Amino acid sequence: MSFLVISEPERRLIPSSGVRGPVPLLIAIMTFVMVVVAATGLALVNSAAVVKSGVEHRYSIQIADGSAKAPAAMAAARSAPGVIRANQVPPDDLRRTLERWLGPSGAEADLPLPAIIDVDVAPAADPNRIGQIIERAVPGARFVAHRASLAPLLQALTGLTLLAFGLVMLIAMASAAATILAARGALDNHRATIEVMHGIGATDRQVARLFVRQIAIDALLGGLAGAAVAGLIIALILGGASTATVLAGAPPIGWKDALLLALLPLAVALLATVVARAALLRALRERL
Amino acid sequence: MLVPWQGGARRATSVSGQRERRLANTIVEFDRVGLRYGTGAEVLRDLDFRLREGTFYFLTGPSGAGKTSLLKLLYLAQRPTRGRMSLFGDELADAPRDALPAYRRRIGVVFQDFRLIRHLSAFDNVALPLRIAGHDEQQVEGPVREMLAWVGLADRASARPPTLSGGEQQRVAIARAVIARPEIIIADEPTGNVDAAMAERILHLLTAMNRLGTTVIVATHDLGLIAATPGAQLIRLENGLLVDPTGALKHPPGAPTRELGR
């Protein structure tokens with residue numbers, strides 16, 4: 001990082017206005033979008049984790065042909081090692097659920113109802129063994145993990161999370177591309193100065209250093225501004241969603257996530273600096 | 001035979017104390033050098049000469065003869081398209097690009113169009129070679145002030161080039177070229193924008209540098225300047241070809257040369 005430190009006389013060689021232009025604004029916008037998208041991704045990750053942990057050790061015993069076999073199934077479940085709790089879903093609750101799906105006919109007494117028993121198991125329990133015990137006691141009963149029922153939702157959340165982080169990467173690449181253009185533009189603007197410096201014996205590294213520092217400062221300032229605005233908006237949204245957050249059992253963005261988001265503008269500035277330096281050295285190599 | 005490039009510029013350990021040794025050495029050697037820009041015709045053809053260390057040379061020739069192109073080759077702003085070119089004993093026609101800055105620091109150039117950095121003060125322009133060479137500010141301040149005083153611009157140190165006259169810019173350019181005590185000074189029409197008194201002063205500076213062992217190559221149309229410089233040799237270019245009125249330049253180092261301007 002020594003290439004970021006330049007003396008006052010070196011600083012005078014390239015007036016700062018020559019590099020600035022739209023770069024800080026561009027980086028600010030990119031960082032704003034990046035932080036918002038990354039926050040969304042992190043919120044999705046956290047939500048998926050909350051959903052997952054809520055159903056992690058929860059199972060259902062489903063008996064298709066009615067509740068006559070429910071007591072036997074419950075007894076078998078409660079006797080199985082690792083089962084913490086086994087409670088039958090009341091038939092009335094089932095009827096009400098069916099009514100929502102089937103209309104008034106769902107509440108008719110002669111409609112055969114499945115029996116459903118909610119089972120919580122200990123984290124160290126062996127679900128396969130519990131399932132075998134129940135299915136042996138009540139042939140036809142199915143021991144189903146809640147996680148399997150929620151698999152499509154979790155898959156969708158995972159997909160959205162990957163999409164969010166893919167977008168973050170794309171925005172980072174776009175920032176890098178913008179920085180390369182800015183660096184090349186700065187070289188063109190100062191072509192005469194660079195030719196004189198080369199003529200006097202300056203190395204490419206000496207020339208690149210003059211520009212890299214300015215680009216790093218621009219990227220950092222732009223990144224911090226963009227991240228600050230994004231942080232404000234995220235804070236407002238989270239403030240409004242506090243009730244839902246409490247109900248969900250965990251904040252959608254924790255302090256570790258906030259720290260990660262706060263590092264994004266620094267990462268953007270670092271990326272811009274490294275990419276700009278490489279682009280400058282490559283562009284300078286094209287000259288004698 | 002030219003010595004292949006061997007990986008680095010060597011800095012002479014002393015100048016004034018070894019003038020006799022330097023006079024015997026070849027500092028520039030061209031071997032069938034040709035230069036063309038793009039796909040155009042050759043602007044320089046079959047240049048075949050040696051320049052001795054510590055000698056004063058004038059490069060003359062009509063406009064369009066290739067003087068500026070030859071100077072570009074000499075100050076390493078251009079590579080020859082054919083032939084071999086040696087500076088300071090190292091073959092540089094095919095030297096890696098990263099090796100060139102070290103050689104360029106051993107050459108001071110006064111460009112015809114000055115090429116001063118417009119937004120820097122005269123002081124900063126003159127100090128540039130020292131700063132690029134890595135001198136710290138304590139080592140820069142004194143020599144630069146002294147050099148500006150020598151070219152008569154002590155009171156214009158903080159002025160920027162656009163506020164200086166052509167002659168003043170010329171003097172800043174000369175001060176910048178000589179400040180780092182280069183082994184070769186290349187000047188393209190260094191007296192083109194100054195009055196007779198300043199021209200004499202500039203010539204005095206260049207001959208003083210030459211007496212200290214610096215090889216000086218001056219491109220000029222000014223016959224008076226040539227006549228006023230005893231001991232200088234003449235290189236004449238016409239249509240990209242070397243025309244050597246003295247016949248001396250084709251001789252190896254140490255061969256007798258005819259002095260001009262007597």
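Me: How many residues does the contact take from chain A and from chain B?

Reply: The contact takes 15 residues from chain A and 20 residues from chain B. Two residues are in contact if their C-beta atoms, placed from the backbone, lie within 7 Å. The model is predicted: local features need pLDDT of at least 70, side-chain atom pairs count only at pLDDT 80 or more, and totals for chains, interfaces and linings use all residues. Residues are numbered from 1 along each chain as its sequence is written, while chains are lettered from A and ligands numbered from 1 in the order in which they are written.

Me: What makes up the side of chain A that touches chain B?

Reply: The elements giving two or more residues to this side are α1 (8-13) and α8 (191-200) of chain A; helices (H or I, at least four residues) and strands (E, at least two) are DSSP runs, numbered from the N terminus. The largest share, five residues, comes from α8(A).

Me: Why is Leu280(A) said to be in contact with Phe211(A)?

Reply: Leaving aside neighbours within four places in sequence, Leu280(A) has Ala183(A), Leu187(A), Ala208(A), Phe211(A) and Val212(A) as its contacts. The C-beta atoms of Leu280(A) and Phe211(A) therefore meet the cut-off for contact.

Me: Which residues touch the most other members of the largest nonpolar core?

Reply: They are Val35(A), Ile215(A), Leu280(A), Val126(B) and Ile186(B), in a core of 126 residues. A nonpolar core is a set of buried Ala, Val, Leu, Ile, Met, Phe, Trp, Tyr and Cys residues joined through C-beta atoms within 7 Å. Helix α2 (residues 23-55) of chain A gives the most to this core, with 14 residues. A second, separate core of 21 residues includes Tyr59(A) and Val121(A).

Me: What makes strand β3 (residues 115-121) of chain A mostly covered?

Reply: Five of the seven residues of β3(A) are buried, a term that asks for 20 or more other C-beta atoms within 10 Å of a residue's own (exposed: 12 or fewer; partly exposed: in between).

Me: How do you know that β1 (residues 58-63) of chain A pairs with β3(A)?

Reply: Two strands pair if DSSP finds at least two bridges between them. Six bridges join β1(A) to β3(A), so the two strands pair, and they run antiparallel. Within this pair, Tyr59(A) stands opposite Val119(A). Strand β2 (residues 83-88) of chain A also pairs with β3(A) in the antiparallel sense, over five bridges, and Gln88(A) stands opposite Ile117(A).

Me: Why is one side of β6 (107-110) of chain B left without a neighbour in the sheet?

Reply: The open sheet of six strands has the order β6-β7-β8-β3-β9-β10 (chain B). Because β6(B) stands at an edge with a single partner strand, one side is left without a neighbour, as also for β10 (241-243) of chain B. Four bridges join β6(B) to strand β7 (residues 184-188) of chain B, in parallel.
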